[in-house]
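Colleague: Thanks for sitting down with me. Could you walk me through this model and tell me how each label was arrived at?

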Amino acid sequence: MLDTIPPEVLGLIAYHISIDTLQPPTSILQSSKQLNETLSSRSNPNLYAKIFKDSFDSSAATRRCPLSLTARKLTDELELRTRALGRLKRRVKDGKVGGVEERDLWVIYILLIEHGMSFSSSCG
């Protein structure tokens, strides 16, 4: 049944599933091979680039490399950031923050720089 829905509509559904959780639309991706091929990050980087742009501050990346910022690179960056944040979330939940890997610390550092750190709301 889902196989008959146009790819653009499937993309919108996947976008709305993913935007709130910053996770791939696993439920749709696992429902059929055809849907997986249509909506995977490999075959539909524009979908994941849009999720990146709407989830993170992409203006810093655009300033750093305006000519070479492709949908594929934004998709790769989305995957890098969501994996790092997921690993950090698990470590915090398990109480093992001291073992955060250096690569994840760099990702989090970049996120803090790009998004700014505002402590005024919690300290005022």
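Modeller: Gladly. Let's begin with a term: a nonpolar core is a set of buried Ala, Val, Leu, Ile, Met, Phe, Trp, Tyr and Cys residues joined through side-chain atoms within 4.5 Å. Please keep in mind that this model is predicted.

Colleague: Which residues of the largest nonpolar core touch the most other members?

Modeller: They are Leu39, Leu47, Tyr48, Ile51, Phe52, Phe56 and Leu78, in a core of 19 residues. At least two core residues come from each of H1 (7-21), H2 (26-29), H3 (33-39), H4 (45-55), H6 (71-94) and H7 (102-115). H4 gives the largest share, with five residues.

Colleague: What does Leu78 touch, not counting residues up to four places away in sequence?

Modeller: Leu78 touches Leu22, Tyr48, Ile51, Phe52 and Phe56.

Colleague: And the chain as a whole, what is it built from?

Modeller: The chain has eight helices and zero strands, and from the N terminus on its elements read α-α-α-α-α-α-α-α. The C-alpha trace spans about 50 × 40 × 30 Å along its principal axes. Of the 124 residues, 31% are buried. Among contacts with a separation of 6 or more, 58% join residues 24 or more positions apart.

Colleague: Why is H4 called oblique to H6?

Modeller: H4 and H6 pack at an angle of about 60 degrees, and their axes lie 8 Å apart. Angles under 35 degrees count as roughly parallel, over 145 as roughly antiparallel and 65 to 115 as roughly perpendicular, and the rest are oblique. An angle of about 60 degrees falls in none of the named ranges, so H4 is oblique to H6. The crossing of these two helices is left-handed.

Colleague: Which residues meet where H4 and H6 pack?

Modeller: From H4 come Pro45, Asn46, Tyr48, Ala49, Ile51, Phe52 and Lys53, and they meet Ala71, Arg72, Leu74, Thr75, Glu77, Leu78 and Arg81 of H6. By class, this contact has eight nonpolar, two polar and four charged residues.

Colleague: Which residues in H4 are buried, and what do they pack against?

Modeller: Pro45, Leu47, Tyr48, Ala49, Ile51 and Phe52 are buried in H4. The buried residues of H4 pack against H1, H2, H3 and H6.

Colleague: What makes H6 roughly perpendicular to H7?

Modeller: The axes of H6 and H7 come within 9 Å and cross at roughly 110 degrees. The range for roughly perpendicular is 65 to 115 degrees, so H6 is roughly perpendicular to H7. This crossing of H6 and H7 is left-handed. H6 contributes Leu80, Arg81, Ala84, Leu85, Arg87 and Leu88 to the contact, while H7 contributes Arg103, Asp104, Val107, Ile108, Ile110, Leu111, Glu114 and His115. These residues divide into eight nonpolar, one polar and five charged.

Colleague: One last residue: where is Ser40, and why does Ser40 count as buried?

Modeller: Ser40 sits in the loop between H3 and H4. Its relative accessibility is 9%, and buried means under 20%. The value for Ser40 is under that cut-off, so Ser40 counts as buried. Leaving aside neighbours within four places in sequence, Ser40 is in contact with Leu29 and Tyr48.

Colleague: Tyr48 again, then!

Modeller: Yes, Tyr48 is also among the core residues that touch the most other members, and Tyr48 is one of the H4 residues that meet H6.

Conventions. Residues are numbered from 1 along each chain as its sequence is written. This is a predicted model: local features need pLDDT of at least 70, side-chain atom pairs count only at pLDDT 80 or more; totals for chains, interfaces and linings use all residues. Side-chain values use heavy atoms; hydrogens and water are left out. Buried means under 20% relative accessible area, exposed over 50%, partly exposed in between (1.4 Å probe, protein chains only). Helices (H or I, at least four residues) and strands (E, at least two) are DSSP runs, numbered from the N terminus. Contact means heavy atoms within 4.5 Å. Axes are lines fitted to C-alpha atoms, for helices over the stretch in contact, and angles run from 0 to 180 degrees between N-to-C directions. A crossing is left-handed if the near helix is turned anticlockwise from the far one by less than a right angle, and right-handed if clockwise. Ala, Val, Leu, Ile, Met, Phe, Trp, Tyr, Cys and Pro count as nonpolar, Asp, Glu, Lys and Arg as charged, and the others, Gly among them, as polar.
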